[in-house]
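Biologist: Could you walk me through the aromatic contacts here? I'd like to hear how each label is earned.

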Amino acid sequence: MKLSNDLISGKIWRLGDNVDTDQIIPAKYLVTSDPDKLAMHFMENTHPELAKSIGKGDIIVAGRNFGCGSSREHAVKTIQGCGIRLVIAESFARIFFRNSINLGLPVIEAKIEAPEGTVLNVDMEKGRIHWDSGESEFQKYPPFLKKIVDSGSIINYAKEGLIRQK
Amino acid sequence: MKNNGKTAVEKVFSEKSGEDVYAGSIVEAELDYVMVNDITGPSAIDAFYQLDVEPKKEKIVLIPDHFVPSKDIASATQSKKLRDFAWKHEMPNYFEVGRGGVCHQVMMEKGFATPGALIAGADSHTCTYGALGAISVGIGGTEAGVIFGTGRMWFKVPETMMFRINGELDSSVEGKDVILNLISRIGVEGGRYKCLEFRGEGVEGLGVSDRMTMANMASEAGAKCAFMAPDKKTEDYLNSRSRKTWSFIDSDSDANYDRIFDIDASELEPVVSMPGSPADVKPVSEVNDEIDQAYIGSCTNGRIEDIRRAAQVLKGKKVHPRTRLIVVPSSQQVFEDAVSEGLVKLIAEAGGYVSGPTCGACLGGYMGVLGPGERCISSTNRNFLGRMGDKDSKVYLANPSVVAASSILGRIASPREVYEIVK
Ligand code: SF4
């Protein structure tokens, strides 16, 4: 099944505004790119218990400008290493957004007013999110990004010859 | 109503994609160069090998800088991967320790960045080359690896925000102060996804180095890139450096801007960004917090012009007994210039520590990492929680003259205070 048509359900963990990449994964751990090793230090400075508590398939719900700061892809790999299925934020910093699309981590911009622990049901195809006491909508990916997301990563996308050679 | 004119960034993306595009379009564009460092390079290399094609060697620039000379075995393993890749493919543009420096400084100094060029760099401060009229964009390591093999990548053409600095700046106001002032006005996401274009007498009056400081920190406002129209000063800088022929480029007078800010240069003064956010700015005159460390370096303010300014303040003075001053030139060239101009000696005599180039402490890597509760005034670009060390350490951002002055008084201070107090 193509990711952009997926139905995703998961429990949410809430983070605030302007969560930067130094918080997501402090620079001292950038000596590896292994998602499993990185995952142990997810948000360790500000949310020391989070990495241990998060479960496979969970969803992050954050505020504005999520992933600001450095270009480190390690931020996306850390989140993937934690088993997080989807990141929803009111807005994303641009390199984090690119890295997520290019590495196959689905990210969507939406405002969710539900407490931590709520289970969200996200319909990627229809652009709708609902939970026990509310719902929200989001902009679906434009066709170009949808192609990258569906191919799983920018590498696959390039291999499929979609980045034209001159 | 939409005008037909184009901003500089729309022109560059039109040319590099071969399509007539405006802000909002998604394009596949041909890059002039793609740069990676020792942190982002390894994932670029992994991605590249999955493509099974020959590398576009002439477009690839490899610059180890973050953790070199290597700080430990893990970082040595990472930079070795870059070096092995460079040697295996006989890469023409690999900059070994002793011949390189902080990646962005090297990209400009060695003539990769030229007006109208489209450059992608796997580092968020790639936007710096906008100071020379290049459109340069920070990307991730994996996509950089795809560019290694294809020379092309997708981009969304950004809207442009114009900042017009009207009138001349006071001589105490440096490029760093201008950009910190602007970030405080628009906030850390005020320029998200945009190209920030800086114009006006205030910008024209600044040297290329100060302009680089401004373009560098476009990243701290969330911007995609920066642009400053090249002029005679740009031409002089590029004269002996540029690797490709280039021509002047500017936005059309009837281009469409997202927003235009008119700023009166006389309103700008030297400032300090308080710990936690680059946008939390106060006039230097209102801050006098004690500091443990003063740091001058990085792609933001580690150029020879910055070290000259610091030396000017330090001349004949001593660093405060309780404070350490660390000066890290941003490239080997800057280091050599600082030696030949006698600045290294001057700083050492004042009690400061000078090292060769590295990113090192700027990102809390090594060579000046902060301990619990320590406070550092720094000429770098980020002061997020824990950026330069322990999670309970604090970073204040300022221009290099203010950093030098603070190192002498052991608390945040302006050069003027130093001249008044320490006669
Ligand atoms: S000097 Fe600092 S901001 Fe600049 S590239 Fe190095 S780590 Fe990044």
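Modeller: Here come the ring pairs, their burial and the charges over rings. This is a predicted model, where local features need pLDDT of at least 70, side-chain atom pairs count only at pLDDT 80 or more, and totals for chains, interfaces and linings use all residues. Residues are numbered from 1 along each chain as its sequence is written, and side-chain values use heavy atoms, with hydrogens and water left out.

Biologist: How many aromatic pairs does a search of the whole structure find?

Modeller: It turns up 17 over all chains. Phe, Tyr and Trp rings (six-membered ring for Trp) pair if their centres lie within 6.5 Å; planes under 30 degrees apart are stacked, over 60 edge-to-face, the rest tilted.

Biologist: What makes the pair A:F66 and A:F96 edge-to-face?

Modeller: Their centres are 5.2 Å apart and the planes sit at 90 degrees, so edge-to-face it is. The two residues are 30 apart in the chain, and ring pairs link them with A:F92 and A:F97 into a cluster.

Biologist: And why is the pair B:F48 and B:Y49 called tilted?

Modeller: The planes are 55 degrees apart, with 5.3 Å centre to centre; that is neither under 30 nor over 60, so tilted is what remains.

Biologist: Why does B:F48 count as buried?

Modeller: Buried means under 20% relative accessible area, exposed over 50%, partly exposed in between (1.4 Å probe, protein chains only). B:F48 has 1%, so it is buried, whereas B:Y49, at 39%, counts as partly exposed.

Definitions and conventions
Chains are lettered from A and ligands numbered from 1 in the order in which they are written. Helices (H or I, at least four residues) and strands (E, at least two) are DSSP runs, numbered from the N terminus.
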